[in-house]
Amino acid sequence: MKKAICLVIITTLLSCNLFANKYIDGKRVYETKRVKKEIIINGLLDDEAWDLVKWQSGFKQSEPHDGNKPSQETFFKILYDDNNLYVAIKAHDSHPDSIGTRMTRRDDIDGDFVGIQFDSYFDLRTAFTFLVSAAGVKMDMIMTNDGQNEDMTWDPIWYVKTNIDAEGWTAEMRIPLSQLRFDKKGSQTWGLQVARMLFRKEELSIWQHIPQNAPGWVHLIGELHGLNDLEPKRQIEIAPYTVAKAERFEKTEGDPFATGKSRNISAGVDGKIGITNNLTLDFTINPDFGQVEADPSEVNLTAYETFFEEKRPFFVEGKSIYSYNLMIGDGDMSSENLFYSRRIGRRPHHDPYLEPDGEYAKFPDNTTILGAVKLSGKTKNGLSIGIMESVAAEERAEIDFEGERRLETVEPLTNYFVTRLQKDYGKGNTIIGGMFTATNRNIESDSLKYLHNSAYTGGIDFMHQWKDRTYNISGKFFFSQVNGTPEALLRTQESSARYFQRPDADYLSIDSTRTSLMGHGGRLQFMKTGGGHFNYGVFLIWKSPGLELNDVGFLRSTDEIIQIAWAQYRIWEPFSIFRNFSVNFNQWRAWDFGLVNNMNGGNINLRTQFKNYWSVSTGFNLQGQRITNSLLRGGPSMKMPGSINNYISIRTDNRKKLSFNFMMSNNWGRYNSSVSNRYSFQATYKPLETLSISLRPNYNINRRDMQYVTEQYFNDEERYIFAGINQKVLGMSLRLNLSLTPNLTIQYWGQPFIAACKYSDFKRITNNLTDDYTDRFHTFSGDEITYYKDYDYYAIDEDLDSEEDYFWEDPDFNVKEFRSNLVARWEYIPGSTVFLVWSQSRDGSDPTGDFSLNKDIGDLLDITPYNVFLVKFSYRFGL
C-alpha cells in the first residue's frame, strides 16, 4: 500500500504546478535568480544567497480534499548558477514531534516528504522529479507521456540535506545541471511543480493545483522563469568496478567440476556520456549483476513461459523508453512486449546430452554479456530516441569423460538491437512513434540449428488527444519476421504460442520446408480519461498466428482477436466513511483467426479507502464457456466449462508501526471441474525508524479435472492424456530492511517454497467439442489402467486384450526450494558503491506428490546449500 500511495502521490505531485504570485494562461509562474557562487548545502538554509528571492507558497490540497487549503503551510525558493539548481523547501508543522522520519533505502521513501519537478524539455510531456523524505532519503524519477509512465529506475547524482526544528522541517537541494536535459537558448522556460506529503494525514498538497479529474499531469504544471544564458552540460561519468566472488556447494565424488568450491575475480566498466545537450549514451562492459535478488520460486504446469521482472540495473534504468506493450491491463498477457530485456544474458538454450555413466559437464548458468550501450534522450524538435545495442558471447559447456575434456556450444554469439522513436506534434496532443528490434545469431554448431538465425520485429504507433486531452484515440500496428533452417521454423510453427499442427484449424498448416515466417498484430483504442468522475474506453487487439516475438520480446499466445470494453466511476472527495472510492466494469470477447468465438467474460472491481486509512479491494469475475486452442498442446480445440472468480484484499493503516494485508481469491469451474483457493497474509512491523520487517506467507490449493499429462498413440491415432490434479503450494517471503543512514542499508530476503502435485483419475479426450462436459473424455478404470509402483509408471490396455498399448511415467512430484539474498550496500560517495552479498539456494524434489509440511521442511533443511559470497566495489568519477 505504501508504494501505491507513494506512486499516486508522486504522480499527482508531478502533475501539479508550482504557483507563484504571477500567472500566465492560468498557470503559476516562479521567477528565479542567478547566484555568483555555489551554495553550501546543509539543510539549515542559512546561506545568505537565499535572501535574493522571496518565499513562495499558496499550496492547495490534491488529496484528500481536492483544492482545499492544506493543514500545514509549505514554502520554497529556487536559485541557480552556471552548474547547479538550488532548491529550498520549508515544511511548516505545528506538531514537529509528529513528523514521519522513517529511514529507508533510496527510492522507497516512507514518512513525510517534499519534492520538486522540472519539465526542462518544456515539451509538456516529460518531468524530472526529485523527492526527499524528512529523514533525508532520496527518491527520483522521470515522468513521461504526460504522467502516464513513471520511470523510478532513474538515479541521477544530486545532493540534499534535511533538518527538523521547532517550526517543522526543511530540505535543501543541489541539482547539477548535468543531470537535466535542456536546449541552449538565452532565456529558458521550464515546467515546474512542488509538492508535499503530510504523512500522518496522508495529505498531499501541491503548488500548482491540478484537479483530480484532470486528463494528464505534466502539461498542466506551472512554469519556472528567470533561467538565462544556461549552458547545457555534457555529462561524462565513468564507473569502473571489480567483483570478488566465492562459491560453496555440495561436492560430488567423481565429478571433476563439483569440487565443492570455486572463486574468481572479475572487473568491468559502466559509464554515462552526454553525446549532445539532449542525448545520453549509457554503456556497460562485462557487466556483473551479482547483487540482484533471485527470482521467486514457482511451479509452472502450463505450456507457456513464465514472465519474470527485470532486476538488473543497466536494463532497469530507462526501461520505459524501450517498451512497446501489446496488451492492456494487468492480466497474464499484459507482459507481452516487443522487447523483453531478460532475453539478453539469458540461460543458454542448449542442454548437451551426457552419457549416464561417467560423463560430467560444467554448464554456464547465464550467457555472458560482453557489452551493451543505450542512447536515449529527446531533441529540441520533440523527437524521443531510445537505441540499445548488446552483444552476448558464445557459450560452451565443458564436458569430461574419464579425464578427457571436450567443449560443446550451448549458446551462439548473439547481437541484439532495439530502437524506439516517438515524435510530438501540436504541443504534445499528437504523438507518432515506431519501434524496431533485430536479433542476429552466429550459429556454427549443428546442435543449435533449431534456433532462428535472425529475427526482426517492429511497429508504428500513434495517439491523438483532444478537448484538453480528455479524449484520445490511439493505435499500434506491429509485425515480425523470423528466419532460419527448416528445423528452426518447424519448431516455431509447432510452439505453444501458435500450434500450427492443430488438425481442426483449416486456416493453418505446417510447412516443413519453410525457412521464414511473418506475422502481424495491432491494437486500436478510444478512451475518455478526464473531465469528470466517469471514464471509459473500448479496445480491439489482434495477433496473427504467425507472429513471433520471443527472440528479444515476450509473447505468450497468438491467433487472437480480442474486444474489450472498460468503464470506471471514481470519487476522490471523502464522503461518509470513505476517503475515496472507485468501481470499474470490464467486458471482453475473443475469437481466433478462424472466427471461432473462444471466450466471453466480464468482471466488476471495487476499491476504496476508509477514513481510518484502511482499504479494501474486491471483485467478481464471470468467465463463460471457453473453446481453447492450446489445452491439447497441438491437438484439436477443446471446449471447457466457464467459471466464476472472486477476490478480496484488506489492508490496514500502513502509517502504523504494525500493519497487515490479507488477500483471498477463489475460483470455481462449472460442473465442479475445478476449484482454486489462494490465501495470502502479510504483516509488516517497523519497531524502529530504521528497521522494517515484513513476513508474507501464502498458501494455494488447486483441484482440477483437466491437467495435461502426455500425448500417446494407439492404432496410429493420437491419445491426449489428462488427469485430475490436486496441487498444494506453500511459500513464505521474509524481508528485512535496515537503513542505518540514507546511504548505508542492509537488506535480507528469504523464501522457502514447498509444492506437491498429486495426479489421479487419468483420462483420454474423446469428444472434445461435445456439449456434455462428461462426454468430452473417458476416464480409465478397472483393467484399462495399471500402476507399476516399483517402476513408477502407468500402463494402459485400451482394447482390453491383456497387452499394454501405451504407458507414461508417474507424474506425481514434490518441489522444495529455498532462495535468499543478504545485501549490504554503502554509497560512500554519490554514484560510488560497495556491495557485500551473500546468496543461498537449496533445491530438492521427490516423486511422492504428498504434501507433508514437517517432512518437506525437514528435507529442505537436509539439502546442502549453494552459497555465493560476493564483494563488489565501484568508483564513479566525472570528466
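The side chains of Asp850 and Lys758 meet in a salt bridge, with N and O 3.6 Å apart. This pair links distant parts of the chain. Asp850 sits in the loop between strand 47 (832-846) and helix 4 (853-862). Lys758 belongs to strand 41 (residues 744-765), 92 residues away in sequence. Asp850 has 44% relative accessibility and so counts as partly exposed. Lys758 is also partly exposed, with a relative accessible area of 32%. The model is predicted.

**Salt bridges**

The count for the model comes to 51 salt bridges. Side chains of opposite charge can pair when their charged atoms come close. Three of the pairs are set out below.

| Acidic residue | Basic residue | N to O distance |
|---|---|---|
| Asp110 | Lys686 | 2.6 Å |
| Asp123 | Lys378 | 2.2 Å |
| Asp850 | Lys758 | 3.6 Å |

Take Asp110 and Lys686, whose side chains meet in a salt bridge at 2.6 Å. Asp110 lies in the loop between strand 6 (84-92) and strand 7 (113-119), and Lys686 lies in strand 38 (residues 674-688), so the pair ties together parts that are 576 residues apart in sequence. Asp110 and Lys686 are both buried.

Next come Asp123 and Lys378, at 2.2 Å from N to O. This pair, too, links distant parts of the chain, 255 residues apart. Asp123 is in the loop between strand 7 and strand 8 (127-133). Lys378 is in strand 20 (residues 369-378). Relative accessibility is 11% for Asp123, which therefore counts as buried. Lys378 is buried as well, with a relative accessible area of 3%. Burial here means a value under 20%.

Salt bridges also form a network. Its members are Glu293, Asp295, Lys311, Arg342 and Arg735.

**Aromatic rings**

The model has 47 aromatic pairs. A pair of aromatic rings is described by the distance of the centres and the angle of the planes. One aromatic cluster is formed by Phe118, Tyr121, Phe128, Phe130, Trp154, Trp158, Phe182 and Trp190. Lys138 lies over the face of Trp158, a member of that cluster. The distance from Lys138 to the ring centre of Trp158 is 5.3 Å. The charged end of Lys138 also sits over the ring of Tyr159, 6.0 Å from its centre.

**A five-strand sheet**

One open sheet has five strands in the order 3-5-6-12-11. Its pairing is mixed. Strand 3 (33-34) and strand 11 (159-165) stand at the edges. Each has a single partner strand, so one side of each is left without a neighbour in the sheet. Strand 5 (residues 74-80) and strand 6 run antiparallel and are joined by seven bridges. Thr74 has Ala91 of strand 6 as its bridge partner.

**Ser480**

Ser480 is found in strand 27 (residues 471-483). Its relative accessibility is 1%, so Ser480 counts as buried. What does the side chain of Ser480 reach? It reaches the backbone nitrogen of Glu548, at 2.9 Å. Glu548 also appears among the residues in contact with Ser480 beyond its neighbours within four places in sequence. The others are Tyr456, Thr457, Leu517, Met518, Gly519, Gly546, Leu547 and Leu549.

Note on methods. Residues numbered from 1 in each chain as written. Predicted model: local features only at pLDDT ≥ 70, side-chain atom pairs only at ≥ 80, totals over all residues. Heavy atoms only, no water. Helix = DSSP H or I, 4+ residues; strand = E, 2+ residues; numbered from the N terminus. Buried < 20%, exposed > 50% of the residue type's maximum accessible area, 1.4 Å probe, protein only. Polar contact = N/O pair within 3.5 Å; in protein donor to acceptor, adjacent residues only side chain to side chain. Contact = heavy atoms within 4.5 Å. Phe/Tyr/Trp six-rings, centres within 6.5 Å; stacked < 30°, edge-to-face > 60°. Lys NZ or Arg CZ within 6 Å of the ring centre and 35° of its normal. Salt bridge = Lys/Arg side-chain N within 4 Å of Asp/Glu carboxyl O. Pairing = 2+ DSSP bridges.
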